[in-house]
Structures are given as C-alpha cells and as structure tokens.
Amino acid sequence: MPGLFVSFEGGEACGKTTQVARLIRKLESLGHQVFSIREPGSTQAGEAIRNLLLHSDQGISLTPAAELLLFGASRAQLVEEVIRPGLKAGKIVVADRFTDSTTVYQGIARGLELKFIRELEEFVCAGLRPAITFLLDLDLETIRNRRLRRVRPVIGPDRIEELPLEFHRKVREGYLQLAGECPERIKVIDAARSVDEVEAAIWKEINAILGR
Ligand code: T5A
C-alpha cells in the first residue's frame, strides 16, 4: 500500500499520546498528509467499545475472552473503515496502540493463548502491519508517577490500569520480549528521557524511512 503505517506501544502513561501529537505536528509542517488513531476507538463503534472496555461504570464484568474479542472487534472496524482507506490514499497513519497491545496485554500478561491471538490478528488485519513501531519503554515506578500527575479530571483510572503491579510488570517484560523477536520493526525508545529527547529519537527513525 502506498501510505505509511506507524504505531506506538508501551505501558500506560509512557508518553505515547504526547509523542503521537508531536509526530503528527512535525509531519504536517513538512507537508505530509497524516492522521492519528487510537485503540480501542477512532470509529463510532470503536469508541462505544472503548467505553465498555475501559470506562464502564455500570458494573459490567468482562471475562478475559470477552475482553480479547472486544479489542478485536474495535480493531476490525478501524482497519476497514479508517486505516486501509487512509493508506490507500497515500497518507501516513499514526496509531496510538495496535495489535502488539493485544499480544502483550491479553496474551502475555493475561495469559490467553498466543496462537489464537495470532490467528485472530490475521483474521482482523489480513496481513496489515505497521512498517515501524515505537516501543516507549519505561520502568514501573516512573509509570506510576506519571499516572498520578496525569490530568484526567472526569474518568479516573481505567479498568486495565487498576490491575495489580504484577500485571504491569508482565506488560513491560512482554513488550521487551516482543521487541527482541521483531527487531526490524519494533524500535525500543528509552521513554524516561525528556519529551524533546524522546521526540528526537523517534524522528531519527522516521526520517530515515521517509528518506528511502
Ligand atoms: N489495551 C489496549 C489492551 O489491553 N489491549 C489492546 O489490544 C489495546 C489496544 C488503553 C488501555 O487498553 C489496553 C491498554 C491500556 O490499558 P488508553 O486510555 O488508550 O488505554 O491509555 P494508555 O495507552 O494507557 O495511554 P495514556 O493516555 O494513559 O498514556 P500515554 O499516551 O502513554 O502517555 P501520555 O502522553 O498521555 O503521557 C502521560 C503523562 O506523562 C507526561 C504527560 O504530560 C502526561 O502527563 N509525559 C512525560 N513526562 C515526563 N517526561 C516525558 N518524556 C513525558 N512524556 C509524557
């Protein structure tokens, strides 16, 4: 496909949204056609699923399998409605999370079968993959501090953020394991540095791709 698909991954509050916004601004200033998406979400169905998955305050319980399939449903809608058309039109699509989140959160951290998760990914994405993924790697203590400082006046912590520290330790280790398995695609970025330094490290990689 003619466009470029970029994704950002990492634990909560590692700085994805901040860096996605900066990358979009920089690319736009250079005249590129670019837009961002977030997962789950970024379609009407996806935002409704996001609300159910993360912020339902009606005491709705979800089994791990139901959670996995809802993330998949949100992504299926997003791929067909937004990502593929954007890439076909030659745009740069920047995703705040994509399939690696499912592999790590539902597969490695929750312990659901990775083989099925890969099959589901293939069913939903049919070969669509980011050309490059930035893993913003951050230790758990800094993640905790950033979460406390983050401004979220209305909604508060989401259902997954509230899981015990052990879950989040598995998330970090899972991402690093995945990066070790896919070194060509997944670039590990030390996210403990300043916002400017992280942005510069990301830009170096993107610039290299755009210059090819
Ligand atoms: N999930 C998602 C799954 O389990 N499976 C899946 O398949 C998918 C797709 C989504 C949740 O769903 C789970 C994972 C998640 O638990 P979300 O609401 O989209 O949750 O939120 P998160 O991904 O958790 O993202 P956040 O918005 O919480 O954090 P970000 O985007 O990583 O971080 P950001 O940029 O908002 O920054 C957080 C704070 O840190 C500061 C910012 O100003 C902000 O206050 N900050 C820095 N401070 C110092 N130095 C830096 N370099 C900083 N960068 C940012």
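A backbone N or O atom of Val195 sits 3.4 Å from a nitrogen atom of the ligand, which makes it a polar contact (a pair of N or O atoms within 3.5 Å; within protein, one must be able to donate a hydrogen and the other to accept it, and residues adjacent in sequence count only if both atoms are side-chain atoms). Side chains join in too: a polar atom of Thr102 is 2.6 Å from an oxygen atom of the ligand, and a polar side-chain atom of Arg50 is 2.7 Å from an oxygen atom of the ligand. On its own the ligand has 1,000 Å² of accessible area, and the protein covers 86% of that; such areas come from the Shrake-Rupley method with a 1.4 Å probe, and for residues only the protein chains shown count as cover.

Before going on, bear in mind that this is a predicted model: local features need pLDDT of at least 70 and side-chain atom pairs count only at pLDDT 80 or more, while totals for chains, interfaces and linings use all residues. Residues are numbered from 1 along each chain as its sequence is written, and side-chain values use heavy atoms, with hydrogens and water left out.

Back to the ligand. It is surrounded by 28 residues, the closest being Glu12, Thr17, Thr18, Thr102 and Arg150; a residue counts as near if one of its heavy atoms lies within 4 Å. By class, this shell holds eight nonpolar, seven polar and 13 charged residues, where Ala, Val, Leu, Ile, Met, Phe, Trp, Tyr, Cys and Pro are nonpolar, Asp, Glu, Lys and Arg are charged, and the others, Gly among them, are polar. The largest share, four residues, comes from α4. Helices (H or I, at least four residues) and strands (E, at least two) are DSSP runs, numbered from the N terminus.

Now for the sheet. It's an open one with five strands in the order β2-β3-β1-β4-β5, paired in parallel; two strands pair if DSSP finds at least two bridges between them. At the edges are β2 (34–38) and β5 (186–190), each pairing on one side only. Strand β4 (residues 132–137) runs parallel to β5 and is joined to it by five bridges, with Phe134 opposite Lys187 in β5.

Helices pack here as well. Helix α7 (residues 165–181) touches β1, β4 and β5, and its direction makes about 145 degrees with that of β4. Helix α3 (residues 64–88) lies across β1 (4–9), β2 and β3 (92–96), running at about 160 degrees to β2. Contact means heavy atoms within 4.5 Å, and axes are lines fitted to C-alpha atoms, for helices over the stretch in contact, with angles from 0 to 180 degrees between N-to-C directions.

A few loops deserve a look. Pro40, in the loop between β2 and α2, is joined to Glu39 by a cis peptide bond with omega about -10 degrees. Ala13, in the loop between β1 and α1, has a positive phi of about 60 degrees although it is not a glycine. Finally, Ala126 is in the loop between α5 (114–125) and β4. Leaving out residues up to four places away in sequence, Ala126 touches Arg84 and Glu121.
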